[in-house]
Amino acid sequence: MVFSPSRWVLQESDASIFSFLRLLLPRSSATVPNASEGEEMCPVVRGVILDHSLVLDPGKVGSFTTAAKSLLRRLHYSKIRTGVSYGSGLSTDKVNLLKSVAEPYSCDCLLLSGCSTDAAVGEITCAWGDIRGSILYLAPNLDALHKISCRCLTIKDVEVTNAYPKSSRLDINKLEELPLTICRLNKKVIESDVVTVGYIMKPSREEDFAKRGALPMCPTPNGLMFLPLTFDLPLSLQLEDVDVVLHKATDEIVSIDLSCQAESSYKITYTPGMQELQRHIECHSDCFVVDPLKNIYPVLDRLTIQQILLGLEGLKIEGRNAIRGPHFLKVSYFDEPDLAKRLLEAKLSLPSIVKPQVACGVPDAHSMAIVFRDEDFNDLNVPTPAVIQEYVDHSSTVFKFYVLGENVFHAVKKSTPNADVLLKLSERNGLKPILFDSLKSLPTDSGKQNPGDQEHNIDLGLVRDAANWLSKTLNLTIFGFDVVIQEGSGDHVIVDVNYLPSFKEVPDDVAIPAFWEAIRKKFDSKAVEKQ
């Protein structure tokens, strides 16, 4: 191996390294989806070893760089084994520190003697001989240690049982490019129709999905590989290798102006990175997106969703419970002189729940209030324009439904109490409105009612019909909606609709395959349309 001031490199001349890689790259059943029994399999990347100098933060003792932390988490959740190597010259204290930093990421610490490449190969083989797949070994070039902070990485694409062409090269300038490199290598060695899904969502959401195994870089059983798209790299470079774009665009919204009546005229300001993706999608008609940005516009606007839900009237069948949206009224200002009259005309009685018209993507989209008196609308601390919505007595029970393609799942959760309980809570505070953030805390009842007690009241066939209707009407693949059952009437009332929910209340062994299936079927159906 050679070391230069500005590059981390595996050289083609390091024959023993490639011998080691060939040794650890058996053709196994661990990789290619849809292969028939007895068919030889190509090895995909199942392990990554990084020299400690590539991951330790030089400016913060005892810590990995931000890029390294993100990379190691993604590799771990993709079930790609990770290791950090160090030489015999590292002091005992520093080795112990390295191990303590690596442990939270389930990252092995490997001592490589450094006396020869062959010795390093033998040591890795001994430690990781059980790996069923390829291993990328990234080590610094030892000619100029003072330049190692450059983090400009070049990996020589290696020949592995003829799976990787020996003559090709992959130049990687920083660690953020490694997921893209892994997807490229995996796609090269897999001859089946693997689909690369590039995704964009905020880190906390990605973590929630990834730790449940939903976003693996290695192929899923139905042939999907997930690639995190990063705004730290040119999107055009990453999208060259992407077949499908999956997004939670609402995570990238800076502001929304709903003053225009038409959805197509909404003024939505995205982050610069999301704007770049939006321009790419608009300029490349072959860029397949799940789901198109314009399809999510209705879920950004509570008024639009309420108006769409009026169409549920078409599902009404004699002798069956109704499924509907709540009664509602849009207000531009709370001091409108005829507000009380308008509430009556909209079939709204008090208490009512007041929500911002903007449903998501901005900080105060979930600032809500429950109002008990007409006069309390004055100076109400809820952003306008707003939607005043019927408050439905529902025995403190909400049914959360998740639509993943053709599959519909649900979970039962505790919700806000009935109006009489809320009234008692408000009386303690002079009947003032109850203000809350629906993402953080909800008004609750101290009673011990079990939400599961209401499950026998739900008409799952009715809700599935509504789910199918919503899927066609909104043209969305993955979305969720909340249903409450009105006491007395038995009406099933849809009180919220959202795009790409986490569906974490559904068991992973059921939800994750359904998530993959929804994306794959959507892609395959689009491919058929193009033929």
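The exercises below concern a predicted model, and each is followed by a worked solution.

**Exercise 1.** Find which residues have the most contacts inside the largest nonpolar core, and which helix gives the most to this core.

*Solution.* Begin with the core itself, which has 116 residues, and note that those with the most contacts inside it are Phe64, Phe481, Ile494 and Phe515. Next, turn to the helices, where α15 (residues 508-530) gives the most to this core, with 8 residues. Then take Phe515 and leave aside its neighbours within four places in sequence: among its contacts are Phe209, Leu246, Leu404 and Phe503. In soluble globular proteins, nonpolar side chains tend to be buried together.

**Exercise 2.** Work out which side chains of strand β12 are buried, and in which sense the strand pairs with β11.

*Solution.* Follow β12 along residues 267-270, where the side chains alternate: Ile268 and Tyr270 point to one face and are buried, whereas Lys267 and Thr269 point to the other face and are not buried. Now look across to strand β11 (residues 253-257), which pairs with β12 in the antiparallel sense over 4 bridges. In this pairing, Ser255 stands opposite Thr269.

**Exercise 3.** Compare the expected span of helix α14 with the distance between its end C-alpha atoms, and then describe what lies at its ends.

*Solution.* Helix α14 (residues 460-474) has 15 residues, and at 1.5 Å a residue it should span 21 Å. The end C-alpha atoms are 20 Å apart, which agrees with this expectation. At the N-terminal end, Asp459 caps the helix, with a side-chain oxygen 3.3 Å from the backbone nitrogen of Gly461. After the helix comes Asn475, whose phi is positive, near 55°.

Methods. Residues numbered from 1 in each chain as written. Predicted model: local features only at pLDDT ≥ 70, side-chain atom pairs only at ≥ 80, totals over all residues. Heavy atoms only, no water. Core = buried A, V, L, I, M, F, W, Y, C linked by side-chain atoms within 4.5 Å. Buried < 20%, exposed > 50% of the residue type's maximum accessible area, 1.4 Å probe, protein only. Helix = DSSP H or I, 4+ residues; strand = E, 2+ residues; numbered from the N terminus. Contact = heavy atoms within 4.5 Å. Pairing = 2+ DSSP bridges. Expected span 1.5 Å × (residues − 1). Polar contact = N/O pair within 3.5 Å; in protein donor to acceptor, adjacent residues only side chain to side chain.
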